[in-house]
Every structure is written in C-alpha cells, then in structure tokens.
Amino acid sequence: MKKYRTIAGLTQVQLCEKTGISLSYLTKLESAKCDKSVSLSFLNLLANTLNVDITVFFKESD
C-alpha cells in the first residue's frame with residue numbers, strides 16, 4: 001500500500017483525507033507486520049484513490 005501511495009505522490013495524511021480513514025489505521029495497514037483485514041469496498045476505494053487496479057493488493061510484494 002505504501003508503495004502505491006508513494007507512487008501516487010500522496011502523504012499518509014492526504015490519503016487519509018481522501019479515503020476517510022484515520023492516520024493510526026493507515027500506519028497499521030502500511031506496517032510490514034500488519035495483521036488487519038480490510039473490506040473489498042475499502043480496497044476498491046483505495047485502488048481508485050491511488051489510480052491502480054485493485055488486483056495489485058492481492059499480489060505478493062516484491
């Protein structure tokens with residue numbers, strides 16, 4: 001998630017404002033040790049906000 005946020009040129013605060021999530025939640029989601037689950041509707045919102053295909057979130061990180 002952080003990779004695509006960075007590519008989109010957004011700060012964590014900007015992404016939070018665009019998606020309506022808290023900064024603490026985003027920080028947890030971007031953590032390498034994240035064990036949080038997210039809904040498909042949130043992933044869709046995130047993908048649209050970052051201008052990426054939703055499938056990028058289901059691929060193994062490189």
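**Figure 1. Surroundings of F42 in the predicted model.** Leaving aside neighbours within four places in sequence, F42 is in contact with T19, I21 and L29, and the model in which these contacts are seen is a predicted one. F42 itself is found in helix α4, where its relative accessibility of 11% places it among the buried residues, because buried means under 20% relative accessible area. The C-alpha atoms of F42 and G20 are 10.0 Å apart in space, and the two residues are separated by 22 places in sequence.

**Figure 2. Contacts of I21.** When residues up to four places away in sequence are not counted, I21 touches C16, L26, L29 and F42. The contact with F42 can thus be followed from either partner, as F42 also has I21 in its own list, together with T19 and L29. I21 is also one of the residues with the most contacts inside the largest nonpolar core, a group that further includes L15, L46, L50 and F57.

**Figure 3. The largest nonpolar core.** This core has 14 residues, and those with the most contacts inside it are L15, I21, L46, L50 and F57. Helices α2 (12-19), α3 (23-30) and α4 (40-50) each supply at least two residues of the core, and the largest share, five residues, comes from α4. In soluble globular proteins, nonpolar side chains tend to be buried together.

**Figure 4. L50 and its partners from distant parts of the sequence.** L50 lies in helix α4 and is buried, since its relative accessible area is 5% and the limit for a buried residue is 20%. Leaving aside its neighbours within four places in sequence, L50 is in contact with M1, Y4, R5, A8, L10, L15 and F57. Of these partners, A8 is 42 residues apart from L50 in sequence, while the C-alpha atoms of A8 and L50 are 5.8 Å apart in space. Two of the partners, L15 and F57, are listed alongside L50 among the residues with the most contacts inside the largest nonpolar core.

**Figure 5. K18 in helix α2.** K18 lies in helix α2 and touches L10 and T49, not counting residues up to four places away in sequence. L10 is also a contact partner of L50, and the C-alpha atoms of K18 and L50 are 9.8 Å apart in space, with their positions 32 residues apart in sequence.

**Figure 6. N51 in the segment after α4.** N51 has its place in the segment after α4, and its relative accessibility of 72% makes it exposed, because exposed means over 50%. Although N51 is not a glycine, it has a positive phi of about 60 degrees. Most residues other than glycine have a negative phi.

**Figure 7. The whole chain, as a setting for the close-up views.** The secondary structure of the protein chain comes to four helices and zero strands, and from the N terminus on the elements run α-α-α-α. The C-alpha atoms fill a box of roughly 25 × 25 × 20 Å along the principal axes, and the radius of gyration of 11 Å agrees with the value near 11 Å that a compact globule of 62 residues would have. Buried residues make up 27% of the 62 residues, and among contacts between residues at least 6 apart in sequence, 41% join residues at least 24 apart. The accessible surface comes to about 4400 Å², of which 51% belongs to carbon and sulfur atoms. The chain carries 8 positive and 6 negative charges, and the mean positions of these two sets are 5 Å apart.

Technical notes
Residues are numbered from 1 along each chain as its sequence is written. This is a predicted model: local features need pLDDT of at least 70, side-chain atom pairs count only at pLDDT 80 or more; totals for chains, interfaces and linings use all residues. Side-chain values use heavy atoms; hydrogens and water are left out. The radius of gyration is taken over C-alpha atoms; the globule rule is 2.2 Å times the number of residues to the power 0.38. Buried means under 20% relative accessible area, exposed over 50%, partly exposed in between (1.4 Å probe, protein chains only). Contact means heavy atoms within 4.5 Å. Accessible areas come from the Shrake-Rupley method with a 1.4 Å probe; for residues, only the protein chains shown count as cover. Lys and Arg count as positive and Asp and Glu as negative; His and the chain ends are not counted. The place of a charge is taken as NZ of Lys, CZ of Arg, CG of Asp or CD of Glu. A nonpolar core is a set of buried Ala, Val, Leu, Ile, Met, Phe, Trp, Tyr and Cys residues joined through side-chain atoms within 4.5 Å.
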